[in-house]
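Biologist: Got a minute to walk me through this one? I'd like to start with the aromatic rings.
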Amino acid sequence: MIKNLGPLEWILNTPSHHRVHHGRNPYCIDKNYAGALIIWDRMFGTFEPEHQDESVVYGIITPVASFNGIWVQFNTYISIISRLSTFKSLNHKLKSLYMGPGWRPGTKRLGNPEDIPAIESPIRVFEVSVPAWKTLYAFVHFVVLVVFFKHAAAHYNQWGTVTVWTVCFAIMITLGNVGSVLDDRKWIPMAELARCGVLGLMISKGAEVDLVGAPAVALRTLFALSAMLWTGCLTKQLAEPSQKRQ
């Protein structure tokens with residue numbers, strides 16, 4: 001790991017400065033925004049050197065706690081909208097949109113630094129214990145997603161508008177569901193049964209995605225087996241409440 005670049009530390013956004021930008025230690029918050037030149041942060045008062053006596057802990061103040069890529073992208077916007085309801089006046093609601101995320105009435109633009117939580121020890125990492133088959137399932141479907149994405153990127157200009165948007169939606173749903181399999185969400189059997197069933201049916205009906213021959217057969221087989229798998233999981237899940245009542 002590169003620690004110090006000498007005189008260049010005064011001019012460039014070096015690895016050390018950029019580590020601070022991505023840290024969630026209290027001293028790292030809202031610091032070192034620079035893309036290439038750190039002089040701008042020095043000029044506008046947002047510069048902070050890396051503290052040698054405290055290791056940088058990467059991440060955000062409130063961990064996302066999910067492997068769902070769609071949720072990771074959009075949960076912040078949901079939090080911003082939810083936060084609006086905590087303010088009574090229209091003025092405060094509007095300020096919460098352009099002030100810092102820690103702002104509240106009576107504090108500075110970026111909020112009160114004392115409200116930033118200290119780094120816990122030991123550092124907790126989000127992880128969920130799932131059966132090995134779910135990990136393998138997520139891996140296989142993610143690989144299929146990546147391969148199909150490359151296929152779509154090469155052929156989308158030959159497809160109609162509806163097909164392109166449908167493929168984009170299917171990619172997003174797949175990305176979200178694969179992550180939620182690793183989250184071990186209770187709703188995933190129903191969601192995956194629906195996804196695999198619809199996608200398998202679309203390919204069987206000859207959807208306009210330029211998939212023929214062995215690739216089409218392989219995908220139909222994968223989605224059919226996956227749908228059968230989740231049908232079993234859903235049946236077991238629905239049977240559990242009745243078994244508990246007995």
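Biologist: Is phenylalanine 67 buried or exposed?
Modeller: Phenylalanine 67 is partly exposed, at 40% relative accessible area. Buried means under 20%, exposed over 50%, and partly exposed in between, with a 1.4 Å probe and protein chains only.
Biologist: And where does this model come from?
Modeller: It's predicted: local features need pLDDT of at least 70, side-chain atom pairs count only at pLDDT 80 or more, and totals for chains, interfaces and linings use all residues. Residues are numbered from 1 along each chain as its sequence is written, and side-chain values use heavy atoms, leaving out hydrogens and water.
Biologist: How many aromatic pairs are there?
Modeller: The count is 5. Rings of Phe, Tyr and Trp (its six-membered ring) pair if their centres lie within 6.5 Å; planes under 30 degrees apart are stacked, over 60 edge-to-face, the rest tilted. One of them joins phenylalanine 67 and phenylalanine 126, tilted, with 5.1 Å between centres and 50° between planes.
Biologist: What about tryptophan 230, buried or exposed?
Modeller: Tryptophan 230 is buried, at 1%, while tryptophan 133 is partly exposed at 34%. Their ring centres are 5.5 Å apart with planes at 50°, so that pair is tilted too. Ring pairs link Trp133, Tyr137 and Trp230 into a cluster.
Biologist: New topic: what does phenylalanine 148 contact?
Modeller: Leaving aside neighbours within four places in sequence, phenylalanine 148 contacts Val167, Val209 and Leu211. Contact means heavy atoms within 4.5 Å.
Biologist: Which ring does the charged end of arginine 42 sit over?
Modeller: That of phenylalanine 47, 4.0 Å from its centre. The rule wants NZ of Lys or CZ of Arg within 6 Å of the ring centre and within 35 degrees of the ring normal.
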